[in-house]
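Visitor: I haven't looked at this one before. Can you take me through a few parts of it?
Guide: Yes, here it is.

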Amino acid sequence: MVPMAEKINLSNAVLCALFALWSSGCDNPQSTLYPKGPAASKIAHMSWLMLILFLAITVFMWVLLSIAFIRRRGSLAEHAPVDVGGGHGWVLGGGLVLPLIVLCVLFVLGLRLMSAFPMHAGNHQQSNPEIEIIGHQWWWEVHYLGEPSQQFITANEIHIPVGRPVNIELRSGDVIHSFWVPTLHGKVDLVPGMPNFISVEASQPGTYRGTCAEYCGAQHAHMRLLVVAQGPEDYEAWIQGQLKPGAEPQTEAAKNGQQLFLSGPCASCHQVRGTLAGGSVAPNLTHFASRQMIAGNSYPNNEAYLEAWITHAQSLKPEAQMPDLTQFSGRQLRDIVAYLRQLQ
């Protein structure tokens with residue numbers, strides 16, 4: 001007989017694998033070869049050039065190896081000098097000159113590409129960032145800046161308008177992370193004590209997946225992010241919605257869930273604007289229900305995964321700061337989920 005715990009872990013593994021397969025087939029694959037923005041397009045051109053050069057040199061070398069393999073050289077017993085066909089020239093040209101030319105060309109093109117996307121604070125384009133992103137183990141804290149009345153905090157899901165660059169300041173709250181959305185831009189590191197900058201632009205609406213590209217601990221693979229590019233009107237409507245406080249519960253279950261949320265451990269870590277929940281060490285949940293995913297964008301934002309995350313977070317994402325909250329009864333758990341699900 002297979003123990004129940006092993007069955008549950010196996011089921012979780014199967015669900016994660018199926019979800020990974022589903023997400024890999026979405027319209028916007030997480031790849032530099034499918035650019036959806038001007039910066040990513042330039043990087044993709046460079047990537048294609050490097051790939052073509054690699055393939056051309058590989059084919060050339062295989063041709064030479066094939067010629068050397070099938071060409072008759074005579075027996076080892078022969079002592080007459082063997083004509084190697086200018087072997088020293090081949091070594092000098094193929095082993096030194098050709099690689100040097102290729103690497104120099106790629107180096108110059110790489111420098112030009114990097115100069116087109118300055119990342120330092122002295123760049124005038126980065127002097128007034130619209131968004132500040134702070135990387136934590138293992139989630140993303142997102143601050144929308146501007147006038148005091150237009151500021152708010154969200155997590156893991158970044159919304160930007162289509163057709164214009166959005167300046168972003170990047171910081172780390174603990175260890176080194178790396179912000180990377182391949183379809184929109186190259187990767188930029190988040191180094192503790194040293195702010196970095198990036199300007200992201202999407203050429204068409206869509207949801208673009210990104211990730212932390214620098215190993216940062218046990219759940220590095222589950223530190224994902226989503227960038228949602230919207231038309232100007234939709235983006236402005238989203239901004240205005242995010243500026244509002246958390247929705248007041250309407251159903252009896254949601255009202256009970258709010259009381260449990262505020263009186264329990266949830267309020268000491270999370271914040272919901274408009275309530276007494278003022279925690280700052282975990283994601284802001286003011287408009288939690290409007291987000292597509294949970295747990296650092298590791299699982300879909302639905303009732304089943306939310307219940308599992310609240311009660312057994314450590315089995316879904318070991319070593320995350322979210323503890324297992326097993327003290328809630330089944331009814332209490334459903335009420336808390338009802339409250340969170342209406343925080344649009």
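Visitor: What do the side chains of Asp189 and Lys187 do?
Guide: They meet in a salt bridge, at 3.3 Å from N to O. This is a predicted model.

Visitor: Is Lys187 buried or exposed?
Guide: Partly exposed, with a relative accessible area of 43%. Asp189 is also partly exposed, at 28%.

Visitor: How many salt bridges does the structure hold?
Guide: It holds 6. One of them joins Glu130 and Arg164, with the closest N and O atoms 2.7 Å apart. Glu130 sits in the loop between helix 3 and strand 1, and Arg164 in the loop between strand 4 and strand 5, so the pair ties together parts 34 residues apart in sequence.

Visitor: And which residue forms a salt bridge with Asp335?
Guide: Arg331, with the closest N and O atoms 3.6 Å apart. The two are 4 residues apart in helix 8, so about one helical turn separates them. Asp335 is buried, at 5% relative accessible area, whereas Arg331 is exposed, at 52%.

Visitor: New topic. Which members of the largest nonpolar core touch the most others?
Guide: Ile131, Ile133, Tyr144, Ile158, Ile160 and Phe179, out of 31 residues. Apart from that core lies another, of 27 residues, including Leu260 and Met322.

Visitor: Where does Asn297 lie?
Guide: In the loop between strand 11 and strand 12. Asn297 is buried, with a relative accessible area of 3%.

Visitor: What does Asn297 touch farther along the sequence?
Guide: Leaving out residues up to four places away in sequence, Asn297 touches Asn156, Arg224, Leu225 and Leu226. Asn297 and Leu225 are 72 residues apart in sequence, with their C-alpha atoms 6.1 Å apart in space.

How values were computed:
Residues are numbered from 1 along each chain as its sequence is written. This is a predicted model: local features need pLDDT of at least 70, side-chain atom pairs count only at pLDDT 80 or more; totals for chains, interfaces and linings use all residues. Side-chain values use heavy atoms; hydrogens and water are left out. A nonpolar core is a set of buried Ala, Val, Leu, Ile, Met, Phe, Trp, Tyr and Cys residues joined through side-chain atoms within 4.5 Å. Buried means under 20% relative accessible area, exposed over 50%, partly exposed in between (1.4 Å probe, protein chains only). Contact means heavy atoms within 4.5 Å. A salt bridge is a side-chain nitrogen of Lys or Arg within 4 Å of a carboxyl oxygen of Asp or Glu.
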